[in-house]
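Biologist: Pick one part of this model and walk me through it slowly, strand by strand and helix by helix. I'd like to know what sits against what.

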Amino acid sequence: MEKNNGEQKKELSQEEKICMKMDAIGRKILIMSGKGGVGKTTVTVNLANALAALGHTVGVLDTDIHGPNIAKMFGLEGRFLEEDPETCEIIPVTTDNGIRLVSLSFALPDPSQAVVFRGPMKLSAIKQFLADVRWGSLDYLLIDSPPGTGDEQLAVCQNIPALTGAIVVTTPQKVAILDSAKSISFARDVSVPVIGLVENMSYLICPHCGEKQYIFGRDGGKKLCIETGIPLLGSIPMETGLEEAEDNGENWLSKGDSESSAVFREIAAYIHSAIKPTSSKDIGYVPKGAGCSPSACSSCTSDCPSRKNG
Ligand SMILES: Nc1ncnc2c1ncn2[C@@H]1O[C@H](COP(=O)(O)OP(=O)(O)O)[C@@H](O)[C@H]1O
Ligand SMILES: [Mg+2]
């Protein structure tokens with residue numbers, strides 16, 4: 001408890017802080033996949049840049065604790081998260097085009113250092129990133145994740161009230177499709193709407209004859225969408241130069257028109273028109289500790305949310 005002008009000011013619980021911060025953000029979207037290396041971070045970074053280019057305010061949270069790539073792909077390795085000395089909030093690293101980034105890689109002095117965290121530590125780090133970062137008011141928070149359906153995805157889905165939805169990224173071959181089906185079933189199990197599927201590395205355009213070559217098979221993503229009843233948001237080709245641009249931390253979309261950049265822009269425009277902002281109020285969520293503090297409030301009744309939630 002803090003004293004403020006003679007009045008007692010209640011310290012907010014972590015759940016209340018998360019709820020307040022997430023309600024200031026319109027759309028909160030988890031990017032996930034069954035397999036590693038299929039392009040989750042690529043989709044996150046390029047969608048963030050595409051949304052920012054459309055004039056939206058964007059934040060990116062990297063929940064890939066063991067393999068964070070957000071700093072590198074935005075070209076901001078070597079930058080560090082700072083703390084506001086007055087509010088003790090974490091201040092995100094901001095890109096030239098205004099995207100607010102938070103990743104564990106902005107807290108590590110050596111990017112090659114391994115992060116050895118067990119599940120509870122990952123949960124605690126992700127909750128802190130949700131509760132204690134000064135995200136401010138944003139149109140979008142894109143949440144990059146490691147492959148699979150484990151601690152990090154659960155931490156996001158169970159702690160962001162009214163998470164807007166999940167985008168599943170896959171490549172077209174059978175093994176990736178099989179694992180992506182698990183991401184879709186996970187999202188459904190935890191009642192998170194699936195916004196759609198992005199098929200990455202769908203084909204390669206032959207630099208000699210210009211023909212499309214379906215190296216990993218054809219239409220795997222489309223078939224999965226039909227089977228599971230989710231929209232196919234787009235098919236992104238394997239693009240010469242994209243991987244190098246990302247290695248160098250360059251904004252691929254500002255490097256000139258390409259087939260992949262057109263698809264990223266289309267997906268961003270579709271999401272903005274089709275997906276509505278979400279808030280805890282939509283689902284009647286009351287965070288733990290909300291309402292008055294029973295010890296400080298003489299009129300507290302058994303209906304008070306702070307009593308109901310313990
Ligand atoms: N469509 C693409 N064309 C060319 N390279 C790509 C494409 N998508 C991803 N890559 C490259 O493939 C590698 C893995 O992508 P990444 O986004 O890191 O996958 P994930 O986050 O799922 O592990 C990166 O080096 C990335 O630059
Ligand atoms: Mg990644």
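Modeller: Let's start in the sheet, where strand E3 (residues 25-32) runs parallel to strand E9, joined to it by six bridges. Bear in mind that this is a predicted model. In that pairing, Leu30 stands opposite Ile143 in E9. Strand E4 (residues 58-62) also pairs with E9, again in the parallel sense, over five bridges. There Leu61 is the residue opposite Ile143. As for E9 itself (residues 138-144), six of its seven residues are buried, so the strand is largely enclosed by the rest of the structure.

Leu142 is a good residue to zoom in on. Leaving aside residues up to four places away in sequence, Leu142 touches Ile29, Ile31, Thr44, Leu47, Ala48, Val58 and Val60. Ile29 and Ile31 fall within E3 (25-32), Val58 and Val60 fall within E4 (58-62), and Thr44, Leu47 and Ala48 fall within helix H2 (40-53). The largest nonpolar core has 72 residues, and Leu142 is listed with Leu30 and Ile167 as touching the most other members. H2 supplies the largest share of that core, seven residues.

That takes us to H2. The helix has 14 residues and reaches 20 Å from its first C-alpha to its last, close to the 20 Å expected at 1.5 Å a residue. H2 is mostly covered, with 13 of its 14 residues buried. Just past its end, Gly55 takes a positive phi of about 95°.

Part of what packs on H2 is helix H9. H9 (residues 259-274) has 16 residues and reaches 22 Å from first C-alpha to last, close to the 22 Å expected at 1.5 Å a residue. Its buried residues are Ser260, Ser261, Val263, Phe264, Arg265, Ile267, Ala268 and Ile271. What covers them includes H2, E11, E13 and H8. If you run your eye along that list, keep the helix repeat in mind: an α-helix has 3.6 residues a turn, so residues three or four places apart point the same way.

Phe264 is the one to click on in H9. It counts as buried because 25 C-beta neighbours lie inside 10 Å, where 20 or more is the cut-off. Phe264 touches Asn46, Leu47, Ala50 and Leu253, not counting residues up to four places away in sequence. Leu47 is thus a shared contact, because C-beta atoms within 7 Å count as touching and Leu47 is listed for both Phe264 and Leu142. Phe264 and Val43 are also worth a look: they are 221 residues apart in sequence, yet 7.7 Å apart in space, C-alpha to C-alpha.

Now for the other covers of H9. Strand E11 (194-205) is mostly covered too, with 10 of its 12 residues buried. E11 pairs with strand E10 (165-170) in the parallel sense over five bridges, and in that pairing Ile167 stands opposite Gly196. E11 is also joined to E13 by five bridges, and those two run parallel; Val198 stands opposite Gly234 there. With strand E12 (residues 212-213), E11 runs antiparallel over two bridges, and Leu204 has Gln213 as its partner. The E11-E12 hairpin has six residues between the strands, and Gly210 takes a positive phi near 80°.

Two backbone spots around here deserve a second look. Most residues other than glycine have a negative phi. Met201, in E11, has a positive phi of about 55°. Ala162 also has a positive phi of about 55°, but it is found in the loop between helix H5 (151-159) and E10. Met201 is buried, because it has 23 other C-beta atoms within 10 Å, whereas Ala162 is partly exposed, with 18.

Last stop, the ligand. 18 residues surround ligand 1, and the closest are Gly39, Lys40, Thr41, Thr42 and Glu243. The elements giving two or more residues to that shell are H2, E11, E13 (232-238) and helix H8 (242-247). Those four are also among the covers of H9's buried residues. By class, the shell has five nonpolar, nine polar and four charged residues. H2, then, gives residues to the ligand shell and also supplies the largest share of the nonpolar core.

How values were computed:
Residues numbered from 1 in each chain as written. Chains lettered and ligands numbered in written order. Predicted model: local features only at pLDDT ≥ 70, side-chain atom pairs only at ≥ 80, totals over all residues. Near = placed C-beta within 6 Å. Nonpolar A, V, L, I, M, F, W, Y, C, P; charged D, E, K, R; others polar. Core = buried A, V, L, I, M, F, W, Y, C linked by C-beta atoms within 7 Å. Contact = placed C-beta atoms within 7 Å. Pairing = 2+ DSSP bridges. Expected span 1.5 Å × (residues − 1).
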